[in-house]
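Visitor: Could you take me closely through one part of this model, the sheet together with the loops and the helix around it? I would like one connected account rather than a list.

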Amino acid sequence: MDNRINIRRDINDPSYRYKMDPVETIQKGRGGNTKTIITNIKDISESLETKPEYMTQFFSTELASRAWWNEEQKQTVIKGVFEESQIQDLIFKFIEKYILCPVCKLPELDLVVGTNDIEFKCRASGCVSRKNKSDRLISFIIKSSQLQKAQENANKKKNKKKQKQQQKKKEENENQNQNQNQNENQNENQNDSNLNMNFPDVKVNENDWSLDTSNEAQQKRLQGKICCWKNFASFCYLILQTLQLQRKLKDVSEKLSWNQTTRTLFVCELLFGKNMLEEIPQRKEVLSLLIKTKRAKLAVLGFIERLCGEDYPDLIEFVPHLVKAFYDQDLIEEEFILEWANQKSSKFSKQPTFDLVIEKAKPFVEWLKTAESESSEKEDDN
Ligand SMILES: [Zn+2]
């Protein structure tokens, strides 16, 4: 059975369409700590299309007692002992004051909350009335409405911020991935250049007869230019070495119709960097396969002309060492070295370069001549 009551107590018509539950209260606590709890205020406020917080504030003002809305329990708690009928009276008073249109007395009001007052627009009659801040509940509604707006804005900002952060995070992740890729690329690049970076760690004999062994001179020698072709050649060599394709080189050069000289120069470019002095013994096996003919051997010497005379002028002092290294590894015999040293000019380098290279090679060439004559003398003795 519907025990709901009309929201207007001056109307007894049971068919009156605006109804609400009669208030239900309980009391808790003892003595000065007793509280009156409205257990069905949520339902009542919904029937009145208002908020329980507003009604609670109204009770507090009217009863001159502390009252609060317990969101968790959906209850209004009023400090003190109050009769249910007293609360019901207040609810009717609340309705009269804030729910009914002052003109048509219908509970059809829309509230437009401003900064200083509230506009009540009646959906039924269209009449508009205002209440200002001097009314304590109006003031409360304005304040809580502002608070709510602020809260909503804050939430919006928070959400926006959150979205931004998420977006940022996403971008950062993407960037990080990109950076990682870039770093990997950089590392690869670095590795590439590292191929040539191990460059001229040339061991210099303190008692050497042709080298300036001062730090300054060594540093100067170290600061050679690195040409792209050398980088590429080193890279190719690494691949060739790794894949053990050295033996295929002959086939390749034959397919490319390279003559002995061109092929030898290519091999030298491929095998040697500025660290050539150390690389000669290291690559002896490959070299012995590739440098067999007189033409090839002269081409290697021509390569030394270019490397030390033109590509890396800093290496000019290394000429005798390089030639000696080929000799020591049985790659170029003395007869070819002497023939090379006796040339008036070279097809591998320009005249002044060639003259300089031969001049630098002189100590070793002289030593070769001596060694040859000594061994000849020994042969003669026999
Ligand atoms: Zn009205």
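Guide: Lys-105 sits in the loop that runs between helix H3 (84–99) and strand S7 (109–113), and in this predicted model its phi is positive, at about 60°, although Lys-105 is not a glycine. The sign deserves a remark because most residues other than glycine have a negative phi. As for its surroundings, Lys-105 counts as partly exposed because 17 C-beta neighbours lie inside 10 Å, where the partly exposed class falls between the limits of 12 or fewer for exposed and 20 or more for buried.

A second lysine invites the same kind of reading. Lys-74, which is placed in the loop between S5 and S6, also has a positive phi in a residue other than glycine, with a value near 60°. Lys-74 has 14 C-beta neighbours inside 10 Å and therefore counts as partly exposed.

The loop that holds Lys-74 joins S5 and S6, and these two strands lead into the sheet itself. The sheet is open and is formed by 4 strands in the order S3-S4-S6-S5, with antiparallel pairing. Its edges are strand S3 (25–28) and strand S5 (67–70), each of which pairs on one side only, and from one strand to the next the twist averages 25°. Within this arrangement, strand S4 (residues 35–38) and strand S6 (residues 75–79) are paired in the antiparallel sense over 4 bridges, and Ile-38 stands opposite Thr-76 in S6. Against the sheet packs helix H2 (residues 52–63), which touches S5 and S6, and the direction of helix H2 makes about 160° with that of S5.

From S6 one can follow the chain to Phe-82, which is found in the loop between S6 and H3. Unlike the label given to the two lysines, the label for Phe-82 is buried, because 20 other C-beta atoms lie within 10 Å, and buried requires 20 or more. Setting aside residues up to four places away in sequence, Phe-82 touches Thr-36, Leu-63 and Ile-87. Of these contacts, Thr-36 falls within the residue range of strand S4, Leu-63 within that of helix H2, and Ile-87 within that of helix H3. Phe-82 also lies 8.4 Å from Lys-35, C-alpha to C-alpha, although the two are 47 residues apart in sequence.

Definitions and conventions: Residues numbered from 1 in each chain as written. Predicted model: local features only at pLDDT ≥ 70, side-chain atom pairs only at ≥ 80, totals over all residues. Pairing = 2+ DSSP bridges. Axes fitted to C-alpha atoms, helices over the stretch in contact; angles between N-to-C directions. Contact = placed C-beta atoms within 7 Å.
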